[in-house]
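User: Please take a close look at a single part of this protein, one strand and its surroundings, and explain how that part is built into the whole.

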Amino acid sequence: MACYAGIDIGSANTKVVLFREGMPPYFHLIISGYNYRLSAQKALTEALAGSGVARGDVRAIMATGFGSQSADFAFDQLSDISCSARGVHFFFPDVRTVIDIGGQASRVIQLSEEGKSINFAVSERCASGSGRFLQVIARVIGVDIKEVGPLSLKSNNPVTYTTGCAVFGESEAISRVAEGTPKEDILAGVQNAIAARIASLVDRVGLQNDCAMVGGGALDIGLVKRTSERLGVKIFVPEAPQMMAALGAALSARELTS
């Protein structure tokens with residue numbers, strides 16, 4: 001069976017999606033490590049083994065992400081913005097606004113009816129606008145990142161952060177811990193701060209329904225909820241939201257042979 005592969009090499013994780021006609025996409029994720037080239041090769045090899053697809057059945061491979069140039073076995077490298085847009089469109093054809101919360105930055109993408117990126121805005125380099133901010137604060141207060149979302153939903157009095165900088169935000173969180181502030185309130189405050197940054201990006205691009213959230217940040221149900229409340233819209237989250245750029249790359253690979 002013909003197969004098409006997309007690989008998204010991020011600073012934290014490397015994701016591979018195998019797309020086969022008439023079958024659900026196959027997702028595989030590993031930690032990127034320090035050698036992106038080896039990570040890309042390992043992720044693809046493991047994905048093929050796990051899916052039972054032979055290397056010779058892969059007709060085309062496209063790469064995207066921070067380390068995409070390290071995937072020298074790929075046919076070409078693509079923008080992660082265009083790939084995320086394409087991946088979301090596969091699951092939600094009616095979505096026109098995509099919020100992508102990655103480890104290094106967040107972005108808001110406006111989609112055409114065909115699922116192509118027609119406008120976008122990206123957060124500044126400071127980690128306070130990305131999922132990294134939550135990871136930092138979770139580490140400070142001793143909470144596993146997987147527990148952040150459920151725990152934050154228990155908050156009754158979210159902390160208001162007085163800084164827009166992740167470094168100073170970390171110091172502020174440490175002070176809050178020393179004061180005895182509940183962990184759920186600290187986390188909810190971080191989510192509100194990120195949601196505010198996202199809202200400013202949405203203002204620059206323009207909000208059009210439907211709206212979806214992708215990237216690793218979309219795994220945080222608390223962040224999804226607070227962003228939804230901030231924007232006043234329902235936010236759709238696809239299966240494996242951190243895999244959408246890799247899926248978009250795989251769909252682009254399919255187009256090479258169509």
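Analyst: A residue is called buried here when its relative accessible area is under 20%, and exposed when that area is over 50%. The model is a predicted one, and the part chosen for this account is strand β9, residues 211-214.

With that cut-off in hand, the two faces of the strand can be described. On one side of β9 lie Cys 211 and Met 213, on the other Ala 212 and Val 214, and all of these residues are buried, so that both faces of the strand are covered. In a regular strand, side chains alternate between the two faces of the sheet.

The neighbours in the sheet come next. Strand β9 belongs to an open sheet of five strands, in the order β8-β7-β6-β9-β10 and with mixed pairing. The edge strands of this sheet are β8 (117-122) and β10 (235-236), each of which pairs on one side only. Towards β6, strand β9 pairs in the parallel sense, over four bridges. Within this pairing, Met 213 of β9 has Ile 99 standing opposite. Towards β10, two bridges join the strands, and these also run parallel. Here Ala 212 has Phe 236 in β10 as its bridge partner.

The connection between β9 and β10 is made through a helix. From β9 the chain passes through helix α7 (residues 221-231) to reach β10, and this β-α-β crossover is right-handed. A further helix, α2 (residues 80-91), lies across β9 as well as across β6 (97-101), β7 (106-111) and β8. The direction of helix α2 is at about 60 degrees to β7.

The surroundings may now be widened to the whole protein, which contains eight helices and ten strands. Its radius of gyration is 19 Å, close to the 18 Å that the globule rule gives for 258 residues, and the protein is therefore as compact as a globular protein of that length. Along the principal axes, the C-alpha atoms fill a box of roughly 60 × 35 × 30 Å. Of the 258 residues, 52% count as buried, the four named residues of β9 being among the buried ones. Among contacts between residues at least 6 apart in sequence, 67% join residues at least 24 apart. The accessible surface comes to about 11700 Å², and carbon and sulfur atoms account for 50% of it.

Terms used: Residues are numbered from 1 along each chain as its sequence is written. This is a predicted model: local features need pLDDT of at least 70, side-chain atom pairs count only at pLDDT 80 or more; totals for chains, interfaces and linings use all residues. Side-chain values use heavy atoms; hydrogens and water are left out. Two strands pair if DSSP finds at least two bridges between them. Contact means heavy atoms within 4.5 Å. Axes are lines fitted to C-alpha atoms, for helices over the stretch in contact, and angles run from 0 to 180 degrees between N-to-C directions. Buried means under 20% relative accessible area, exposed over 50%, partly exposed in between (1.4 Å probe, protein chains only). A crossover is right-handed if, with the strands pointing away from the viewer, the path from the first strand over the helix to the second runs clockwise. The radius of gyration is taken over C-alpha atoms; the globule rule is 2.2 Å times the number of residues to the power 0.38. Accessible areas come from the Shrake-Rupley method with a 1.4 Å probe; for residues, only the protein chains shown count as cover.
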